[in-house]
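Me: I am new to this protein and should like to be taken through its structure step by step. May I put a series of questions to you?

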Amino acid sequence: MRGSTLTTALLIACSFTAVEAVAAGEKANWWIEWIAENKKFDCVRLVQTTVGRPVIEGKNDTTQVRFDDTILMRWPDGLRFVQEQYRSPTPIENSLSSGTTKPLADWKREMVFLRVFRPDATLFSGTPDDLIQTPEPMLFAEGAWPHSEFQPWLVARLIDSTPNQDRIVETGKGTVSITIKGTGQRFQLTNEGPLGPRLIRLEKGVHHGVAEEVFEFDDFRAVPGIAVVVPFKRTNWWRRETFDIHSKHSTIDDKITRGSETLVKSIDFPTRLDNSMFVVPAEFKKSTSSEIAIPKDPPMAKSSSAAHDSKPPTAGKMTPSSESSSPSSTTSHLPWYLGAFGVASIFGAVVLRHRRSGF
C-alpha cells in the first residue's frame, strides 16, 4: 500500500513537472506568438501626426514642424505613404499628447511627400515637383526596413521574414531583445503586466551596441479584430544635427536627445486592400514622364484576416539565450539600401535629414 502511494505521488509530481515545463516553454516563446498574431493580418491602414523640433535647426530657428501621415500597407507588395508637412512660426512648449498644441490655423502647409511601393514592384518617391521612379523593381517587403517604426505590425512581419541565422535573440525577465544582422536594427518586446506581449522599443543605426535613433512605443490599446494591443503613441529620439546657414557647417549631438512625439489618430487592419489603393495621387502624376497604369488585382486569395519630457531612454540589460528559434521564413534577407532614396526631395527645403515617418 505504501509502495502504491509512493508511486502515485511520483506520477503526480512528474505530471506537474511536465505541465510546468510546457507552461515555461509557452512563456518563453510568447514573442513568437506575438508575431503569429500580427501575421493574421496582411493589411494595415494608419493615420498619424508627429510634432517636434526640426532635426536640423538653423541658428536661432525656433519654428515647429508637424507631419500628418496617411499610410496604407499590404504585405508583401504594397505601401502608400503620404506625408504633409506643416510649419508654425512659434515653438510649441507642450507635448502633442497634452492636448495643448496650436490650432490648425496656426500651421502653414509647406510640402507633401509621397512614397508608393506598387504591387507590380515599381516604386515612386518624391514631391509633386520632383517625383522619381526607381530604375529597378522592388516590392515593399524588399524596402520596408527604413519604415519599421511605422507600426509594430510591420516589425513583426520583418522579423518573421528574416532567416533564423540572421537573428540574435536575447532574453531577460519578461523581455526579449531581437537584433537583425546587417540592418543595424534592434527590437525590444515585453510580456510584463496585464497588457500582454508588445513591442516597446525600436533602435536604428546600432553600432557596437549604441543606437543612432530610438523609438519608444506607449499608450497601448485594444483594437477590434486583433488579439495584441496596439500603441497609439511613439516618442522619437535621435542625435540632433544643428546647421549654421552662414558657415555651412553642421554639428551632431554626441548623445541621443528627445526629438518629437507621434500620435496615432486612427488604425485598423482590413482583410484586403485592392491594388487600386496603391497608386500615385493625381497631384503627383504631372511630374512623371509617362502615364502610370494601375495593375490588375490578383484573384481573391485566402486572406489571413481575422513619455513626455523625460530623459533619453536606456536599454534594459539582456542576457544571452539559446532560444533563437522562431516561425520559419521563406523570404530572403531583405535589402534596405533604399534608406535615403527620395528623402532629399521632401526635406531638402527644410534641411531635415531623417527618412522616416514624421521626419
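Me: How many of the nine residues of helix α2 (residues 30-38) are buried?

Reply: The model under discussion is a predicted one. A residue counts as buried when its relative accessible area is under 20%. In α2, this applies to W30, W31, I32, W34, I35, E37 and N38. Helix α2 is therefore mostly covered, and the number of buried residues is seven.

Me: What share of the residues in the whole protein is buried?

Reply: The protein contains five helices and 17 strands. Its accessible surface is about 17500 Å², and carbon and sulfur atoms hold 56% of that surface. Of the 359 residues in the protein, the buried share is 49%.

Me: Which residue in β11 is the bridge partner of T190?

Reply: Strand β11 covers residues 198-204, and six of its seven residues are buried. Strand β10 (residues 185-190) pairs with β11 in the antiparallel sense, over five bridges. In β11, the partner of T190 is R198.

Me: Which residue in β12 stands opposite K204?

Reply: β11 also pairs with strand β12 (residues 213-221). This pairing is antiparallel and runs over four bridges. The residue of β12 opposite K204 is E213.

Me: How many residues apart in sequence are the parts that the pair of F41 and F269 ties together?

Reply: The structure holds six aromatic pairs. In the pair of F41 and F269, the ring centres are 5.3 Å apart and the planes stand at 55 degrees, so the pair is tilted. F41 lies in the loop between α2 and β1 (43-52), whereas F269 lies in the loop between β16 (257-268) and α4 (282-285), so the parts tied together are separated in sequence by 228 residues.

Me: Are F41 and F269 buried or exposed?

Reply: The limit for a buried residue is a relative accessible area under 20%. F41 has a relative accessibility of 2% and so falls below that limit. F269, at 9%, falls below that limit as well. Each of the two residues therefore counts as buried.

Me: How many residues apart in sequence are the parts that F117 and F140 tie together?

Reply: F117 and F140 form a tilted aromatic pair, with 5.6 Å from centre to centre and 55 degrees between the planes. F117 belongs to strand β5 (residues 108-117) and F140 to the loop between β7 (130-133) and α3 (152-160), so the pair joins parts whose separation in sequence is 23 residues.

Me: Which residue do ring pairs link with F117 and F140 into a cluster?

Reply: F117 is buried, as is F140. Ring pairs join these two residues into a cluster with W75.

Me: Which residues touch the most other members of the largest nonpolar core?

Reply: In soluble globular proteins, nonpolar side chains tend to be buried together. The largest nonpolar core here has 48 residues. Helix α3 gives the most to this core, with six residues. The members that touch the most others are M73, L154, I267 and F269.

Me: Which residues does F269 touch, if residues up to four places away in sequence are not counted?

Reply: F269 is buried, with a relative accessible area of 9%. Its ring forms a tilted pair with that of F41. With residues up to four places away left out, F269 touches F41, C43, V44, W153, V223, I226 and V230.

Me: Over the face of which residue does R221 lie?

Reply: The structure has an arginine, R66, over the face of Y86, at 4.1 Å from the ring centre. R221 likewise lies over a ring face, with 4.2 Å to the ring centre. The residue beneath R221 in this arrangement is F232.

Me: Which peptide bond is cis, with omega near 10 degrees?

Reply: The bond in question leads into P76. P76 is placed in the loop between β3 (64-74) and β4 (78-88). The cis peptide bond runs from W75 to P76.

Me: Is D219 buried or partly exposed?

Reply: D219 is in strand β12 and has a positive phi, near 55 degrees, although the residue is not a glycine. A relative accessible area under 20% would make a residue buried, and one over 50% would make it exposed. At 30%, D219 lies between these limits and therefore counts as partly exposed.

Conventions: Residues are numbered from 1 along each chain as its sequence is written. This is a predicted model: local features need pLDDT of at least 70, side-chain atom pairs count only at pLDDT 80 or more; totals for chains, interfaces and linings use all residues. Side-chain values use heavy atoms; hydrogens and water are left out. Buried means under 20% relative accessible area, exposed over 50%, partly exposed in between (1.4 Å probe, protein chains only). Helices (H or I, at least four residues) and strands (E, at least two) are DSSP runs, numbered from the N terminus. Two strands pair if DSSP finds at least two bridges between them. Rings of Phe, Tyr and Trp (its six-membered ring) pair if their centres lie within 6.5 Å; planes under 30 degrees apart count as stacked, over 60 as edge-to-face and the rest as tilted. A charge sits over a ring if NZ of Lys or CZ of Arg is within 6 Å of the ring centre and within 35 degrees of the ring normal. A nonpolar core is a set of buried Ala, Val, Leu, Ile, Met, Phe, Trp, Tyr and Cys residues joined through side-chain atoms within 4.5 Å. Contact means heavy atoms within 4.5 Å. Accessible areas come from the Shrake-Rupley method with a 1.4 Å probe; for residues, only the protein chains shown count as cover.
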